[in-house]
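Here's a quick look at how some helices pack and how the chains relate to each other. Have the viewer open while you read.

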2 protein chains.
Amino acid sequence: MRSPPATRNGGDNRSPSAQPRFHSTVAEHKLRRFNSLILLFRLASFSFSLTSSIFMLTNTRGSDSPHWYHYDTFRFVLAANAIVAVYSLFELGASVWEISRGATLFPEVLQVWFDFGHDQMFAYLLLSASAAGTSMARTLKEMDTCTANNNAFCVQSDIAIVLGYAAFLFLGNDVVLAIPA
Amino acid sequence: MRSPPATRNGGDNRSPSAQPRFHSTVAEHKLRRFNSLILLFRLASFSFSLTSSIFMLTNTRGSDSPHWYHYDTFRFVLAANAIVAVYSLFELGASVWEISRGATLFPEVLQVWFDFGHDQMFAYLLLSASAAGTSMARTLKEMDTCTANNNAFCVQSDIAIVLGYAAFLFLGNDVVLAIPA
């Protein structure tokens, strides 16, 4: 579904007489709006995954309180969000480049498959980390780890996991927008 | 990426003189191979998700042993696998129909988007259930629930989760094969 209008990278010139200047302008407008939407989604998934990483990373208090790095699952949540933040930052740069220069960073076919493949892979990674994190957070509550003393630890973990889900939602939307057509 | 050869549902008749019978036969062969591959993947995801459901559902022993329905996460694993088994069975039928009748069950555009959307959604569902299940299984081992008495329970849960991952792999491949083009 990437680049739905016909006038990308020079435009459709099979029948120039049948395509007046008016059509081409409309298509360009659509392309610009489409690219802005992708940019917005990249920005959202970057912000959410970065914030999630920071929330998980700083989720450590006094020495008698639990730490995030004691739990494999929470380490997985942090790693997945950090990886997605780095990837989203790269794609954000690629998106800004595309809008400012009017051409993709890599050759277009390669770029479309690169985006689709990586979006899909990282969406799976982030979702599995968030789902595993949710299961862990529920277990901690059932095991009475989240007593009054450690309640802040549990709440902060929950926030990090929810932010991870938010990042996944925007990344998942990018998968659909980036379908190779 | 669905239906890569041009001769689906009657074929490409823009320039009949330029497309000799030989080409059309090659395209038909490719289409048949492609549809058989999809059928194989549907069969695999159906078998794995059904077996996983059965393994989880029968994971209950004497009254002093843990039961799968005591754990929310394991109920989620069972539900996700059962849903995917039902969906895969439906898609298996649709695939057999398409191969035997030479046309899709729904109008082709609708069918392609139906397949892609549902494959994607159920792949996310199954992966999140499997990831949550993995986290739960690890926690049970750390909590010493998997003692000698209950070892069979833990092993059977592990098998159900691994089978869920296998079903996800084949469903995930269907997502790529069903990309609307």
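## H2 and H3 in chain B

In this predicted model, H2(B) and H3(B) run roughly antiparallel to each other, because their axes cross at roughly 155 degrees and anything over 145 degrees counts as roughly antiparallel. The two axes come within 9 Å. The handedness is easy to state: H2(B) passes H3(B) in a left-handed crossing. As for who's at that contact, the residues split into 16 nonpolar, six polar and three charged.

H2(B) covers residues 72-101, while H3(B) takes in residues 108-142. How does the span of H3(B) compare with what 1.5 Å a residue would give? With 35 residues, H3(B) should span 51 Å, and its end C-alpha atoms are 51 Å apart, so the two agree. After H3(B) comes B:Asp144, which has a positive phi, near 60 degrees.

## H2 and H4 in chain A

Over in chain A, the pair to look at is H2(A), residues 72-101, and H4(A), residues 151-177. Their axes sit 11 Å apart and the helices pack at about 40 degrees, which makes H2(A) oblique to H4(A). This crossing is left-handed.

If you want to pick out the contact on screen, H2(A) brings A:Phe74, A:Asn81, A:Val84 and A:Tyr87. From H4(A) come A:Phe153, A:Ser157, A:Ile161, A:Gly164 and A:Leu171. By type, the contact residues are six nonpolar and three polar, with no charged ones.

H2(A) also passes the length check: its 30 residues should span 44 Å at 1.5 Å a residue, and the end C-alpha atoms are 43 Å apart, which agrees. Following H2(A) is A:Gly102, where phi is positive, near 75 degrees.

## How the chains fit together

What turn and shift lay chain B on chain A? A turn of 180 degrees does it, with a shift of 0.0 Å along the axis and an RMSD of 0.0 Å. That's the relation of a two-fold axis. To find the axis from chain B, go to B:Ala132: of that chain's residues, its C-alpha comes closest to the rotation axis, at 2.0 Å. B:Ala132 falls inside H3(B), given that this helix covers residues 108-142.

And why do we say the copies meet through the same surface? Because 100% of the interface residues of chain B are also interface residues in chain A.

How values were computed
Residues numbered from 1 in each chain as written. Chains lettered and ligands numbered in written order. Predicted model: local features only at pLDDT ≥ 70, side-chain atom pairs only at ≥ 80, totals over all residues. Heavy atoms only, no water. Least-squares fit on C-alpha atoms with pLDDT ≥ 70 in both. Contact = heavy atoms within 4.5 Å. Helix = DSSP H or I, 4+ residues; strand = E, 2+ residues; numbered from the N terminus. Expected span 1.5 Å × (residues − 1). Axes fitted to C-alpha atoms, helices over the stretch in contact; angles between N-to-C directions. Parallel < 35°, antiparallel > 145°, perpendicular 65-115°, else oblique. Left-handed = near helix turned anticlockwise from the far one by under 90°. Nonpolar A, V, L, I, M, F, W, Y, C, P; charged D, E, K, R; others polar.
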